[in-house]
Amino acid sequence: SGPRPPPRPRPPPPPAPPASAGARVMLQLSNLRDAIGDDTMGVSVRVGGALAPLVEVGYSDASGTQLTADVPPLPAGVHQGVVQVGSDYAPFLFEATADSVTVVSADASEGAVAGGSKVLVTVSGLPLVTSTGSLSVSFGGVEATVLSIVPGPELTQSVVEVETPPYTGSAFGAEGLAVVTMRGSVVLFAPGGEDAAPLEFQMPFGYRTPLGVASATLTSTLDGLMVRFNQPVLATALPSTCAEAFDVATVAALGQGATCLMSSATDLAVTFGVGASVLPGDHLSIVAGTSTLSPASRSAAIGPPSFMVLSPPEALPPQGA
């Protein structure tokens, strides 16, 4: 009959859902203290059927009772949670994540260099019930303020509101934009008291330098001035009087009948009028923030209006001279 064939190995069983590392969460309840006073012995928290030991209980007149609990490792996904006080129950949802948090959307991709911009970031994978203290966000390495974390439009999403810090760098691109990395890091709890790798998310964010004049150079024929802004402005054309682009003293120095025209989104071409008195080294001033001359980006502020006139690279005699 011959030798028997060797036994074939059985296919491996399907992989189990990945387990999360566990997380420390904060639950806010509005009337717990009225029900139990300061005695929390009868309070318990369970997530996915597993007990989540209480770490801390805090009271605040503004936010009610705050329960901090350590959720044990759970299969990745959304789990039902419940706070039990005697025979009363308060349900909530908790998402256990296995890898990282991803950014779904943000309502702003840039802000002013002074900081203080509010950014709403919708993320997927962040535990649905968490405290602002468990999440740190930085912009280019500078710590930001996490204002709130609320459930997002989808079951597995959260919306994080962040206030941007001031920009501390000095490098800006051709359009007055400095791009930094916005990075969020969620603090996790690991069984046994060891820290687990944090859940992280990141996205690009741009800081806008205030609108100002990057350069102002006399034309080679000395009959005009080319003003270049450090970023795009909304004006695509200006009236021939120049009065909506420069202050009164500058308009007078440009001469009677001077004309101003935006030749591009960043360049303002000035043709001198009769009696112009502009010389290299003179300090002139723009009038920005008007309907005619304002930043194209809503996140840009207005910088100092004054600028200095530069000599042309190579001066030529005026035409007709």
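These legends go with an overall look and a few close-ups of a predicted model.

**Figure 1. The whole protein chain, a fold with 22 strands and two helices.** There are 321 residues here, and 39% of them are buried. Take the contacts between residues at least 6 apart in sequence: 61% of those join residues at least 24 apart. As for the outside, the accessible surface adds up to about 17,000 Å², with carbon and sulfur atoms accounting for 56% of it.

**Figure 2. A nonpolar patch on the surface, built from Val78, Leu93 and Leu155.** Together these three residues make a patch of about 220 Å². Val78 comes from strand β6, which covers residues 77–85. Its relative accessible area is 32%, so Val78 counts as partly exposed, the range for that label being 20% to 50%.

**Figure 3. Gln84, another residue of strand β6.** Like Val78 in the previous view, Gln84 sits in the partly exposed class; its relative accessibility is 27%. Leaving aside residues up to four places away in sequence, Gln84 touches Gly42, Val43, Ser44 and Tyr89.

**Figure 4. Gln84 and Val43, brought together from 41 residues apart along the chain.** Their C-alpha atoms are separated by 5.7 Å. Val43 is one of the residues that Gln84 touches, and Gly42 and Ser44 are also among them.

**Figure 5. The side chains of Gln84 and Tyr89 in a polar contact.** The distance for this pair is 3.3 Å. On the Gln84 side, the residue belongs to strand β6 and is partly exposed.

Conventions: Residues numbered from 1 in each chain as written. Predicted model: local features only at pLDDT ≥ 70, side-chain atom pairs only at ≥ 80, totals over all residues. Heavy atoms only, no water. Helix = DSSP H or I, 4+ residues; strand = E, 2+ residues; numbered from the N terminus. Buried < 20%, exposed > 50% of the residue type's maximum accessible area, 1.4 Å probe, protein only. Contact = heavy atoms within 4.5 Å. Areas by Shrake-Rupley, 256 points an atom, 1.4 Å probe, with all protein chains shown as cover. Patch = residues over 30% accessible without salt bridge, like charges linked within 9 Å, V, L, I, M, F, W, Y side chains within 5 Å. Salt bridge = Lys/Arg side-chain N within 4 Å of Asp/Glu carboxyl O. Polar contact = N/O pair within 3.5 Å; in protein donor to acceptor, adjacent residues only side chain to side chain.
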